[in-house]
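Colleague: Please pick out one part of this model and give me a close look at it, with every cut-off spelled out. I would like a connected account, starting from the classes of residue.

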There are 2 protein chains.
Amino acid sequence: MAHTEAMTQIFHATGRRLTSQRRLLLEVLTERDDHLDAEAIYALAKKRDPNISLATVYRTLKVLKEVGVVQERILDREGQRHHYELTTEAHYHFTCLKCGRVIEFESALIEQASDELAKRLQLDVVHARVHLDGYCPDCR
Amino acid sequence: MAHTEAMTQIFHATGRRLTSQRRLLLEVLTERDDHLDAEAIYALAKKRDPNISLATVYRTLKVLKEVGVVQERILDREGQRHHYELTTEAHYHFTCLKCGRVIEFESALIEQASDELAKRLQLDVVHARVHLDGYCPDCR
DNA sequence: GTCACTGCAAACGCTTTGCAATCGT
DNA sequence: ACGATTGCAAAGCGTTTGCAGTGAC
């Protein structure tokens with residue numbers, strides 16, 4: 001995603017405007033698809049547009065979430081801060097309790113589990129957040 | 001758990017003190033094992049001890065987390081607030097995106113997935129947070 | 001008697017919001 | 001030109017902390 005074309009359409013269709021700030025933030029997110037937090041995104045964006053504000057970062061992330069382009073996660077050990085990443089294939093995260101490192105992974109079994117539960121409990125499951133905590137190979 | 005006996009020992013062994021406030025908070029958590037947030041726990045505790053402070057609730061929850069008696073979760077749609085529940089058998093949560101209802105469930109498949117990943121990625125998995133979002137039977 | 005713990009109020013960190021100016025359409 | 005979006009600064013909200021007093025051991 002994040003092609004300017006596709007974006008233009010999505011934005012236009014929903015009565016939103018594609019400003020230079022939004023374009024820039026999409027660029028940043030595309031280049032470093034790295035579950036960044038708002039502060040980090042702000043820092044990267046500021047390098048190219050020193051006038052951009054943190055408020056705009058938050059407001060844009062909100063819009064991008066609404067439009068489905070980014071997803072919000074909570075990855076830090078304290079659960080105090082939100083992280084954002086472009087919506088891609090389903091994947092999950094592991095956080096090392098010692099060094100704080102975040103490892104991404106995919107898992108067919110998790111999708112199976114989700115399907116099984118949807119059936120069993122009659123839920124319409126839109127999204128599965130799976131997050132493992134523990135010790136990474138270096139810290140265990 | 002949360003038997004006063006066992007608690008007394010855990011607290012004593014770690015050089016902590018079992019105060020009336022801590023006993024009260026344990027009671028509240030035991031009676032309503034309902035993934036409450038700090039404010040709700042505070043409200044319930046205040047009914048029996050009007051002098052208890054919110055700071056003590058937070059500090060006690062921190063201690064109980066360290067000791068392993070409670071676990072912290074993030075269950076609200078905004079991810080802004082922490083919820084606490086006594087540590088029992090592994091179970092997970094589903095949040096309805098429309099009505100906000102939280103449904104608990106267990107799943108052997110999720111435990112399998114966690115084991116598989118631990119092996120595959122050489123992780124020491126201490127804890128799996130699994131959280132589904134979607135629409136409950138009433139809202140779908 | 002010690003020192004962990006408490007209540008209070010102030011501070012914290014991340015996120016949101018009101019407002020006047022700006023810029024996409 | 002209209003109104004969605006911006007930057008700024010101030011406010012919001014859940015959580016944490018400094019401090020003097022208290023109570024568990």
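Modeller: Happily! In what follows, Ala, Val, Leu, Ile, Met, Phe, Trp, Tyr, Cys and Pro are nonpolar, Asp, Glu, Lys and Arg are charged, and the others, Gly among them, are polar. This is a predicted model, in which local features need pLDDT of at least 70 and side-chain atom pairs pLDDT 80 or more, whereas totals for chains, interfaces and linings use all residues. Residues are numbered from 1 along each chain as its sequence is written, chains are lettered from A and ligands numbered from 1 in the order written, and side-chain values use heavy atoms, without hydrogens and water.

The part I chose is the surface near DNA strand D, where a residue is near if one of its heavy atoms lies within 4 Å. By class, this surface has seven nonpolar, eight polar and seven charged residues. Of the 22 residues around DNA strand D, the nearest are A:Arg17, A:Arg22, A:Thr56, B:Tyr58 and B:Arg81. On the DNA side, sugar and phosphate make up 66% of the atoms of strand D that come within 4 Å of the protein.

Which elements carry this surface? At least two residues each come from α2 (20-31) and α4 (54-67) of chain A and from α4 of chain B, and α4(B) has the largest share, with four residues. Helices here are DSSP runs of H or I with at least four residues, and strands are runs of E with at least two, numbered from the N terminus.

Now the polar contacts, meaning pairs of N or O atoms within 3.5 Å. Two of them reach bases: an N or O atom in the side chain of B:Arg17 is 2.7 Å from a base nitrogen of strand D, and a polar side-chain atom of B:Arg59 is 3.2 Å from a base oxygen. From chain A, a polar backbone atom of A:Asn51 lies 3.1 Å from a phosphate oxygen of the DNA strand.

Helix α4 of chain B also helps to pack the protein. It is among the elements covering the buried residues of α3(B), along with α2 (20-31), β1 (36-37) and β3 (83-86) of chain B. Those buried residues, in helix α3 (38-48), are B:Ala38, B:Ile41, B:Tyr42, B:Leu44 and B:Ala45; buried means under 20% relative accessible area, exposed over 50% and partly exposed in between, with a 1.4 Å probe and protein chains only.

B:Val70, in strand β2 (70-73) of chain B, counts as buried because its relative accessibility is 3%. Beyond its neighbours within four places in sequence, B:Val70 is in contact (heavy atoms within 4.5 Å) with B:Leu29, B:Leu61, B:Leu64, B:Lys65, B:Tyr84, B:Glu85, B:Leu86 and B:Thr87. Its C-alpha atom is 8.7 Å from that of B:Thr88, 18 residues away along the chain.

Finally, how do the two chains relate? Superposed by least squares on C-alpha atoms of residues with pLDDT of at least 70 in both, chain B can be laid on chain A with an RMSD of 0.1 Å by a turn of 180 degrees and a shift of 0.1 Å along the axis. That is the relation of a two-fold axis. B:Val130 comes closest to the rotation axis among the residues of chain B, at 2.2 Å (C-alpha). The copies meet through the same surface, because 100% of the interface residues of chain B are also interface residues in chain A.

Terms used: A polar contact is a pair of N or O atoms within 3.5 Å; within protein, one must be able to donate a hydrogen and the other to accept it, and residues adjacent in sequence count only if both atoms are side-chain atoms.
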